[in-house]
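Visitor: I am new here and would like to learn how the words used for a structure are earned. Could you show me around?

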Amino acid sequence: MRTYLLKRLFAAALTLVGVSIVVFSLARFIPGDPASVVLGEAGGTDEQRAAIRRQLGVDQPFVTQYIKWARDAVRGDLGTSFTTGKPVTRELRARLPVTAELGILAFVFAAMIGIPAGVVAATRPGTGSDYVARFTAILGLSVPGFWLATLIVVLPAVWWNWTPPIAYRALFDDPSTNLQKFLPAALAIGTALSAAVMRMTRSSLLEVMSQDYIRTARAKGLRDRLIVRRHGLRNALIPVITIMGVQAGVLLGGTVIIEQIFTMPGVGRLTFEAIQRRDYPQLQANVLFIGTVFVLINLLVDMTYAWLDPRINYG
């Protein structure tokens with residue numbers, strides 16, 4: 001177990017190095033000049049833009065810029081924002097609770113809807129419940145998240161003259177306003193994930209329920225509900241946990257659009273604003289953070305396998 005964990009941590013470190021190189025490189029391909037953004041609409045003179053580039057450090061060769069940034073990042077310094085002049089980690093920490101709450105609510109929504117629907121479909125194959133669950137899952141996977149989010153904002157406003165609150169309120173400061181804003185957004189971002197969870201739960205549970213130990217449990221006279229809960233579902237959840245871990249990266253990426261539509265001051269919206277302002281340090285810090293979370297979630301998923309199925313050996 002320890003050897004496996006060390007190997008995974010080494011692979012995760014290499015992955016993050018690759019992510020940092022890709023992010024650092026792609027940020028430089030964003031059209032526009034950060035010096036012009038700092039100087040404003042007037043754009044300034046050539047001498048002023050050159051002075052700003054020297055001050056920001058973007059006039060140096062690419063390799064020199066990356067080595068300096070990577071060396072500082074290892075020490076915990078991800079740079080200073082081009083537009084605010086403040087450490088990018090400060091803004092990232094301020095926006096993190098918003099994205100964390102949105103992601104947790106979306107995962108809870110996906111698990112509460114997807115897993116029970118998948119169990120119902122698997123235990124009643126070929127029935128109306130199965131067909132309805134499968135049709136709903138296909139529909140949920142087909143609908144783009146940004147389109148669903150737009151409908152959630154527009155249709156209640158047209159039909160019932162209700163819109164999600166514009167201002168952000170922390171959960172413990174104003175629970176009612178907070179949930180009115182976050183639950184529709186979590187529904188929009190978690191619909192596709194719940195559909196994927198439902199399909200995987202159904203197919204995995206159907207396979208598990210055909211195993212010999214399930215037939216043995218039935219021969220002993222155990223009720224089907226008890227067999228599913230104690231013997232079937234626990235083993236069937238392994239691929240479900242896998243797909244939820246993989247979808248975590250998709251979910252984090254999806255917050256960029258969802259937070260913009262619902263005017264939520266989270267990491268996704270901060271990333272969008274950084275792209276617009278050509279704020280390289282903020283953009284690099286945000287994407288590196290999302291990549292780190294994605295890698296850690298996948299590592300946690302692998303560790304969960306042994307708890308769900310003790311037969312799994314990491315040696």
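Visitor: Which residues line the largest cavity?

Guide: Welcome! Please keep in mind that this is a predicted model. T99, L252, T255, V267, G268, F289 and I290 line the largest cavity. Two or more of the lining residues come from each of α10, α11 and α12.

Visitor: What makes this space a cavity, and how much space lies in it?

Guide: A cavity is a place where a 1.4 Å probe fits but cannot get out, whereas a pocket is open. About 40 Å³ of space lies in the largest cavity. With a cut-off of 30 Å³ or more, the count comes to 1 cavity.

Visitor: How do the residues of its lining divide by class?

Guide: The lining of the largest cavity has 4 nonpolar residues, 3 polar ones and no charged ones. Gly counts as polar, so G268 of the lining belongs with the polar residues.

Visitor: Why are α5 and α11 called oblique to each other?

Guide: The two helices, α5 (88-123) and α11 (residues 267-277), pack at an angle of about 135°, and their axes are 7 Å apart. Over 145 degrees would count as roughly antiparallel, and 65 to 115 as roughly perpendicular. An angle of about 135° fits neither range, so α5 and α11 are oblique to each other.

Visitor: Which residues make the contact between α5 and α11?

Guide: From α5 come E91, L92, R95, L96 and T99, and from α11 come V267, G268, R269, L270 and E273. By class, this contact has 4 nonpolar, 2 polar and 4 charged residues. T99, V267 and G268 also appear in the lining of the largest cavity.

Visitor: Which residues of α11 are buried?

Guide: V267, G268, L270, T271, E273 and A274 are buried in this helix. That word calls for under 20% relative accessible area. Just after α11, R278 takes a positive phi of about 55°.

Visitor: Why is L222 called partly exposed?

Guide: L222 has a relative accessible area of 32%. Buried means under 20% and exposed means over 50%, so with 32% L222 falls in between and is partly exposed. L222 sits in the loop between α9 (212-219) and α10 (224-261). Leaving aside residues up to four places away in sequence, L222 touches A217, I227 and H231.

Visitor: What is the volume of the largest pocket, and which residues lie nearest its centre?

Guide: The largest pocket has a volume of about 430 Å³. Its lining has 19 residues, and L56, K68, G79, F82 and P281 lie nearest the centre. At least two lining residues come from each of α3 (46-56), α4 (62-74) and α12 (280-308). The largest share, 4 residues, is that of α4. By class, the lining of the largest pocket divides into 7 nonpolar, 8 polar and 4 charged residues.

Visitor: Which element gives the largest share of the lining of the second largest pocket?

Guide: That is α10, with 5 residues. Both α5 and α10 supply at least two residues of this lining. About 350 Å³ of space lies in the second largest pocket.

Visitor: How many residues of that lining are charged?

Guide: The lining of the second largest pocket has 5 charged residues, besides 6 nonpolar and 1 polar. Asp and Arg count as charged, so R124, R218, D224, R225 and R229 of this lining belong to that class.

How values were computed:
Residues are numbered from 1 along each chain as its sequence is written. This is a predicted model: local features need pLDDT of at least 70, side-chain atom pairs count only at pLDDT 80 or more; totals for chains, interfaces and linings use all residues. Side-chain values use heavy atoms; hydrogens and water are left out. Buried means under 20% relative accessible area, exposed over 50%, partly exposed in between (1.4 Å probe, protein chains only). Contact means heavy atoms within 4.5 Å. On a 1 Å grid over the protein atoms alone, a cavity is a set of points where a 1.4 Å probe fits but cannot get out, and a pocket is an open set with protein on both sides within 12 Å along at least five of seven lines; lining residues have an atom within 4 Å of a point. Grid points are joined across faces, edges and corners, and a volume is the space filled by probe spheres set on the points. Axes are lines fitted to C-alpha atoms, for helices over the stretch in contact, and angles run from 0 to 180 degrees between N-to-C directions. Angles under 35 degrees count as roughly parallel, over 145 as roughly antiparallel, 65 to 115 as roughly perpendicular and the rest as oblique.
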